[in-house]
Amino acid sequence: MKINPATEQKINDIIEKMSLEEKVLQMFQMDKSAHKEAYSELSKLNIGSYLSIMGEEVDYLREKAKKTKNAIPPIFGIDAIHGHSLKNGATIFPSQLAMACSFNEELIEEMGAATAKEVNADGLDWVFSPVLCIARDTRWGRVDETFGEDPYLIGKLGAAIIRGYEKDGLVASCAKHYIGYGEATGGRDSYDTEVTLRKVRETFLPPFKEAVDAGTSTVMTAYGTLDGTPMTAHKELLTDVLRGELGFEGFVVTDYLNFKLISTKHRVAANPAEAARLGITAGNDMSMNAVAFIGAAIDEVKNGNIPEAAIDEAVRRILRVKANLGLFEEKERMPKSVIACKEHRELNHKLTRESLVLLKNNGVLPLKNAPAKIAVIGPNADNIANQYGDWTFTSHRPAEEFAQIKNDYYTVLRGVREIFPSSEVEYALGCPVCGEDGADIEKAVRIAESADIVILALGDELSQNGEAKDRADLELSGKQNELLRAVKATGTPVVTVMVTGKPLCIGEVLESSDAVVQMFGGGDLGGLCTAELIAGKFNPSGKLPISYPRATGALPCYYNGYSSWHWGKYCDVEKGALLSFGYGLSYTEYEYSDIAVSKTQVHMGESVKISANVTNKGAMAGDETVQLYVTDHYSSVMTPRINLRGFKKIHLEPGETKRVSFTVTPADLALVNRREETVVEPGKFTLYISPCAPDFTYEDGEYARVIEVVE
Ligand code: NOJ
């Protein structure tokens with residue numbers, strides 16, 4: 001977000017007229033459901049923002065605000081995480097994790113723009129998206145909300161979605177959760193993140209830098225603490241780094257009740273007053289729903305413990321965002337007809353196709369002829385809530401809404417019925433995702449025995465994904481393994497579809513299935529696209545933005561670890577990830593050849609070009625994500641064995657070759673040294689052009705070239 005000089009004077013005039021109380025109310029965001037009594041009182045006043053309110057009540061509150069002294073329009077925020085997904089009937093796109101499999105910045109930007117239109121048409125102004133957390137300990141419950149495990153990919157996709165959200169000035173975006181939240185120790189949601197500031201700069205800050213550069217209007221502070229300091233009270237990171245170094249000019253909102261947590265859970269403040277002082281002076285501008293914050297902040301200013309100038313500055317930042325959105329002029333909104341319109345459906349279709357990842361194929365796919373009989377089996381074959389995943393109306397709205405879903409959605413079962421109209425399709429649940437009920441396994445076996453192919457949809461459920469839903473065990477839950485074994489024993493070929501919010505331990509699934517498709521939160525069209533993939537109506541191109549563990553105890557298993565640590569072997573589990581970042585199959589074969597660098601000796605500050613030929617050796621046209629990685633051979637601090645530093649998605653017709661090149665800049669070779677400075681150190685680096693995260697090497701190879709940086 002950039003400051004617009006034209007509106008600055010207007011904003012200052014408003015602030016001048018405001019009392020201290022009115023200013024602090026601007027810094028407050030209210031969730032009605034949590035404070036029913038306070039709500040009826042506070043909503044008569046001119047409060048800054050509301051969250052999670054939809055429908056007619058939005059218009060009512062807007063009108064009410066107009067009758068207050070300063071008549072400042074409230075800004076309405078909503079968790080539109082993968083589409084305007086809390087609204088029954090709006091387009092629900094694949095989850096962030098699923099979108100990340102596309103490695104497609106363009107489509108993700110379009111998705112952001114489409115969501116902005118639907119949210120704006122619904123009378124709302126602000127999406128609490130994107131999540132820029134890094135998912136490395138995948139026991140954490142919120143993995144499905146992330147773009148995966150790699151800071152570079154997260155940064156690029158985060159920037160793309162922000163550009164989409166903000167480009168037409170329809171909504172403000174919110175880069176969250178600042179910072180290190182996904183790295184909470186033990187994968188425990190909102191627990192302490194035990195990392196150093198050097199590590200923050202090296203790993204967790206880059207996606208936020210991308211978000212700020214892309215123009216995000218707001219940033220949300222994480223629930224958690226970083227090395228013992230609540231993020232809400234972390235002045236160095238919230239002010240010196242975020243504003244001072246990254247140049248962020250929007251406003252900072254806390255996460256839900258963070259001002260309260262500082263004194264009640266983190267206990268670094270003795271009472272709400274001290275919490276208000278710590279949080280405001282650290283750099284927070286808006287308090288999400290901590291009612292005690294209002295009185296506490298007013299008192300602290302009156303007692304001289306918080307300078308009123310700090311309050312003025314927070315209000316100024318909030319009003320700027322409101323002005324940029326045109327809220328003061330009541331800019332015309334998008335027509336309601338954009339919600340779930342045909343254009344968004346088509347975009348969703350494209351994105352969902354690219355969000356599926358083919359993990360195994362022994363040749364059974366694509367199905368060449370429509371089978372006479374298909375058995376669709378499994379707890380996630382016809383369960384839209386599990387397919388949608390978290391942050392939709394099925395997970396966050398009253399059950400009555402769920403009973404009457406307005407979305408035209410496809411589960412795997414519906415998709416198969418539609419894509420194979422001449423096949424007889426039989427369905428059995430088999431077993432639920434969790435619990436000991438295996439009564440339906442018998443039916444599953446019966447229909448599998450007489451079928452030509454089994455499509456088996458396994459996975460996880462809503463109770464296993466989301467806030468405070470961390471898992472200690474990532475094996476398939478309930479009787480799902482039993483179901484898999486029973487179906488496999490029939491001898492009928494099995495295509496397993498994993499409908500999950502995160503990578504589970506799928507060693508046995510991979511071994512027992514003839515083909516495996518991964519659908520992370522599939523949105524409205526996950527089931528349709530899965531059936532299309534199985535039928536070969538398109539060539540799968542999704543790649544993994546996250547690695548699969550061999551066992552829960554073998555976490556973390558992210559690809560960019562250090563060579564001397566995790567990449568050693570546990571004595572009871574095979575080395576490395578089961579499936580690593582960047583991996584994904586297609587129905588054709590791509591050959592990489594003729595890798596070359598523009599020079600092998602590079603002077604400090606110079607860039608170098610690396611290129612390779614990529615050829616489609618198969619019979620089907622396809623899209624390949626070509627990936628650029630870097631290894632630093634020797635440096636003053638340890639660096640990851642390999643780091644993603646670029647990716648390009650290209651289309652290749654059968655037999656076609658394209659030369660793909662990347663410019664490797666000094667920033668791509670940089671590290672953060674012990675003094676927390678970002679520097680390039682002279683020495684050797686390996687550059688790779690590769691179809692997935694490669695095995696690291698210190699020598700030239702099929703996918704690799706060594707260069708040397710000299711003074
Ligand atoms: C809590 C979550 O951590 C955050 O992601 C979300 O945006 C807010 N609550 C608002 O619902």
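Here are four short exercises, each with a worked solution, on a predicted model.

**Exercise 1. Cysteines**

Work out how many disulfides the structure holds, and check C174 and C529 along the way.

*Solution.* Start with the cut-off: two cysteine sulfur atoms must lie within 2.5 Å to count as a disulfide. Next, take C174: the nearest cysteine sulfur belongs to C133 and is 11 Å away, and C174 is in no disulfide. Then turn to C529, whose sulfur is 13 Å from the closest cysteine sulfur, in C101, which is too far for a bond. The total for the structure is zero disulfides. While you are there, look at accessibility: C174 is buried at a relative accessible area of 0%, and C529 also counts as buried, at 0%.

**Exercise 2. The surroundings of S513**

Find where S513 sits, decide whether S513 is buried or exposed, and list the polar partners of its side chain.

*Solution.* First, place the residue: S513 lies in the loop that links α21 (507-512) to β16 (515-520). Second, its relative accessible area is 2%, and under 20% means buried, so S513 is buried. Third, follow the side chain of S513: there is a polar contact with the side chain of T496 at 2.7 Å, and the backbone oxygen of V509 is reached at 2.6 Å. Finally, leaving out residues up to four places away in sequence, S513 touches K360, L484, V494 and T496.

**Exercise 3. An open sheet**

Give the strand order of the five-stranded open sheet, then say which strands stand at its edges.

*Solution.* Read across the sheet: the order is β4-β3-β2-β1-β10, with parallel pairing. Now look at the two ends. β4 (126-127) and β10 (287-288) each have a single partner strand, so one side of each has no neighbour in the sheet. To see one pairing up close, go to β1 (residues 28-30), which is joined to β10 by two bridges and runs parallel to it. Here F28 stands opposite S287 of β10.

**Exercise 4. Nonpolar cores**

Identify the residues that touch the most other members of the largest nonpolar core, and name the helix that gives the most to this core.

*Solution.* The largest nonpolar core has 164 residues, and Y178, I179, F293 and I377 touch the most other members. Helix α7 (residues 151-166) gives the most to this core, with nine residues. Then zoom in on I377: beyond four places in sequence, its contacts include A428, A444, I447, L456 and V487. To finish, note a second, separate core of 32 residues, with V376, I453, V495 and A531 among them.

Conventions
Residues are numbered from 1 along each chain as its sequence is written. This is a predicted model: local features need pLDDT of at least 70, side-chain atom pairs count only at pLDDT 80 or more; totals for chains, interfaces and linings use all residues. Side-chain values use heavy atoms; hydrogens and water are left out. Buried means under 20% relative accessible area, exposed over 50%, partly exposed in between (1.4 Å probe, protein chains only). Helices (H or I, at least four residues) and strands (E, at least two) are DSSP runs, numbered from the N terminus. A polar contact is a pair of N or O atoms within 3.5 Å; within protein, one must be able to donate a hydrogen and the other to accept it, and residues adjacent in sequence count only if both atoms are side-chain atoms. Contact means heavy atoms within 4.5 Å. Two strands pair if DSSP finds at least two bridges between them. A nonpolar core is a set of buried Ala, Val, Leu, Ile, Met, Phe, Trp, Tyr and Cys residues joined through side-chain atoms within 4.5 Å.
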